[in-house]
Amino acid sequence: MSAQDGYDLWLQYDKIDDDKVVENYLDHISGFHKFGSDETLDVATTELKTAFEGLVGQTLKELNSVEENSVVLGSEENLPSEIRAMLKSDLSEINSEGYVLKSLSLNNNRITVVTGKTDVGVLYGTFRLIKEMQLHNNITQCDIIDSPKIQKRLLNHWDNLDRTVERGYAGFSIWDWHHLPELIKPEYIDYARANASIGINGTVLTNVNASSLVLTSHYIEKVKALAEVFRPYGLQVYLTARFSSPMESGDLKTADPLDPEVRQWWKDKADEIYAEIPDFGGFLVKANSEGQPGPNNYDRSHVDGANMLAEAVAPHSGIVMWRAFVYSEDDPEDRAKQAYSEFVPFDGQFHDNVLVQVKNGPIDFQPREPFHPMFGAMPDTPLMMEFQITQEYLGFSSHLVYLPEMFEETLDEDTYVQGEGSTVAKVVDGTLSNKKLTGIAGVANIGTAKNWTGHPFGQANWYGFGRLAWDPYLDSEAIAKEWLKMTFSNEQEFVDPVKDLMIKSREAVVNYMTPLGLHHIMDTGHHYGPGPWVDDLGRPEWNPVYYHRATSEGVGFDRTESGSDALSQYAEPIREKYNSIETTPEKYLLWFHHVPWDYKMENGQTLWYNLAAKYQEGVEDVEEMVNTWNDIEEYVDDQRFEEIQMLLQIQLKEAKWWRNAVLLYFQQFSGKELPEFIPEPEYDLEYYQSLEFPYAPGISPSWH
Ligand code: BDP
């Protein structure tokens, strides 16, 4: 097998090694004909040609007319009326970005039509046709209709202008600001292709801890150059807006959102940007959070701030994504409660073009969190989901963790706000409260690494995020399978075990890092490795001890009525169910309760025993992953096989490190022996506590 550096992602068009499949494709496709002339249609046909030629090894000719065995591409309005008539009812089922892929017989000619309401729809349909071939599916009887269920499907890059990436573990930022706008790198095009292939339609280029420099005309030129590359792929650009920009990139004395000059400054800025980039998406804002400036600095509210920006971009159909990731500096309230407390009272007050962007859970991208209680609690405000694709708290790019399994868990959770079945997915896709504007964002794991994401399996998280953004009801297992087939091999003997490995990898990381509802016990700052002992940072909620609250009595954060009462932010029956230790799902036990070490759990064993068992299980899960991978060597090229093999060894080593360090630490409180199934720890607690990693990746200068 030839060496692969992973650059081609899931868009690998190597020749299909099954002759029957190839023959079948050759029998049914011999050329293409397009209706319309548009740069998007051009990229669609170019992609189809490249894919076809690679997959079946024959040139795909452009035809002058519709002939037998042609692929016919064009948006609804450009299709000839007879084809349009045949597809009338299919076309009535899709939205503006959806597509129809259909085998038809036209004047006795067999054809395959790829159409949509717009050329972007045609592009998405083309990628679907290509995918069908990559998956070796039969394309003789195509009858596929699909539309995205969420409108704004965005990547959020936490990329700084100096090319460092906050929480980035795959090298530096792919945006080469210094050489823009003149130098257009092929990576920009391939980035856009990859996103279009999974339906991602927007990208926020800059870090939420924002620099106002990007709003200067010098940088707007550079942003414009990227926007032009991305436009044919249906990918809009967005920027983060630093709230104090009128004072920093402008020369105003204030950034007070109610000050007329400030409001005018933002309007002018928006006009300036839109004059260069007519399809600019809008702004993403982190305000009054972790030291970022915001309206609160002027005693104004989030609504004042968001609406001011919304007014500036509204004439251009832009949107504002206002982040709800806030926890106030002097509020002693449970951090898990703060975003809800601060935002829910504002329900219904934001302008129509504002989305409030909420992280999946109430703390911060942990290996497992219950869903954020804001979902469902603001029926009159469009809430946008924010997932983190980069693995800040999940082993960076050294650990294989398949995140779509986790995304799916959150999307499937029932908020019960409007009775049973009020899932988070329904809040996000707008169906629960009939929202017009909907969105979902994933914090990107992309960098200058040759394979984009560092860990080759990190690509699956980018891919899977895109798929779930398109349809939040998809099954993460099915996504894993298609990704594996497109990225590695169609062989069932490969796909089945590795798909299982991927699915199990999520619970594995929960087990070896934060089982039973533990959270935020990573070492502080870089968040690499365990640090449950850290207790000396400036703010209480920056310290892991704040989250686990271990004492000789027990461990866990009491969020019931007797504790912080964060539970009251959830609807019934969650509130009642989770209020008692007995009825709380064990996976959330220590998230909601402070539990005695001797507490007898469902299996009759104590909490201490079960905690140890979970850590051990986590290590064994990784051992199983190692074994599974070793068994599939023959299906993967040497380069990727060996890289993943080595990375899994790092993961195993670190899983053991987690188990040993955390259990030795908690043992001080439980006062109990380690159960006999825990191997003698390699080092003592003092050793684990002494480890320092000053150069762990992912800390951006915005934190210094
Ligand atoms: C935390 C990260 C920090 C981000 C912050 C955010 O540690 O780097 O700036 O979230 O989302 O997870 O704003």
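Which side chain does Glu-76 meet in a salt bridge? The partner is Lys-117, with a nitrogen-to-oxygen distance of 3.6 Å. This pair links distant parts of the chain, 41 residues apart: Glu-76 lies in the loop between β3 (70-74) and α3 (81-86), while Lys-117 lies in the loop between β5 and α5 (119-134). Both ends of the bridge are partly exposed, Glu-76 with a relative accessible area of 23% and Lys-117 with 31%. Keep in mind as you look around that this is a predicted model.

From here we can step to the sheet that β3 and β5 belong to. Six strands form this open sheet, in the order β2-β1-β3-β5-β4-β6, with mixed pairing. At its edges are β2 (61-62) and β6 (143-146), each of which pairs on one side only. Strand β4 (residues 99-106) is a good one to follow through the sheet. On one side, seven bridges join β4 to β5 (residues 109-115), and these two strands run antiparallel. Along this pairing, Lys-102 has Val-113 in β5 as its bridge partner, and Ser-105 stands opposite Arg-110. The two strands form a hairpin with two residues between them, and Asn-107 in the turn has a positive phi of about 50°.

β4 also pairs with β6, again in the antiparallel sense, through four bridges. Here Leu-101 has Ile-144 in β6 as its bridge partner. How many of the eight residues of β4 are buried? Six are, so the strand is largely enclosed by the rest of the structure.

Another strand pair is worth a visit. Strand β8 (residues 202-204) and β9 pair in the parallel sense over three bridges, and Gly-202 has Gln-236 in β9 as its bridge partner. Strand β9 (residues 236-240) is largely enclosed by the rest of the structure, because four of its five residues are buried.

Let's return to the charged side chains. Side chains of opposite charge can pair when their charged atoms come close. The structure holds 40 salt bridges. One of them joins Asp-471 and Lys-149, with 3.3 Å from N to O. This pair links distant parts of the chain, 322 residues apart: Asp-471 sits in the loop between α14 (458-470) and α15 (476-487), and Lys-149 in the loop between β6 and β7 (152-156). Is Asp-471 buried or exposed? At 10% relative accessibility, Asp-471 counts as buried, whereas Lys-149, at 38%, counts as partly exposed.

The salt bridge between Lys-337 and Glu-333 has an N to O distance of 3.5 Å. In this pair the lysine is the buried partner, since Lys-337 has 12% relative accessibility, while Glu-333 is partly exposed at 27%. Elsewhere, salt bridges that share partners join Arg-368, Glu-405, Glu-409, Arg-506, Glu-507 and Lys-587 into one network.

Lys-587 gives us a way to look at that network from one of its members. The residue is found in the loop between α18 (574-579) and α19 (589-592), and is partly exposed, with a relative accessible area of 32%. Lys-587 and Pro-370 are 217 residues apart along the chain, yet their C-alpha atoms are separated by 9.2 Å. A second pair to try in your viewer is Gly-395 and Ser-217, 178 residues apart along the chain, with 39 Å between their C-alpha atoms. Gly-395 is found in the loop between β13 (383-388) and α12 (404-412) and is buried, with a relative accessible area of 9%.

Our last stop is on the surface. Which residues form a negative patch there? They are Asp-17, Asp-18, Asp-19, Glu-23, Asp-27, Glu-491, Glu-493, Glu-633, Glu-634, Asp-638 and Glu-642. Helices α1 (19-28) and α21 (638-670) each supply at least two residues of the patch, and the largest share, three residues, comes from α1. Asp-638 is placed in α21. Its relative accessible area is 47%, so Asp-638 counts as partly exposed; patch members need over 30% relative accessible area and no salt bridge.

How values were computed
Residues numbered from 1 in each chain as written. Predicted model: local features only at pLDDT ≥ 70, side-chain atom pairs only at ≥ 80, totals over all residues. Heavy atoms only, no water. Patch = residues over 30% accessible without salt bridge, like charges linked within 9 Å, V, L, I, M, F, W, Y side chains within 5 Å. Areas by Shrake-Rupley, 256 points an atom, 1.4 Å probe, with all protein chains shown as cover. Salt bridge = Lys/Arg side-chain N within 4 Å of Asp/Glu carboxyl O. Lys, Arg positive; Asp, Glu negative; His and termini not counted. Charge placed at Lys NZ, Arg CZ, Asp CG, Glu CD. Buried < 20%, exposed > 50% of the residue type's maximum accessible area, 1.4 Å probe, protein only. Pairing = 2+ DSSP bridges.
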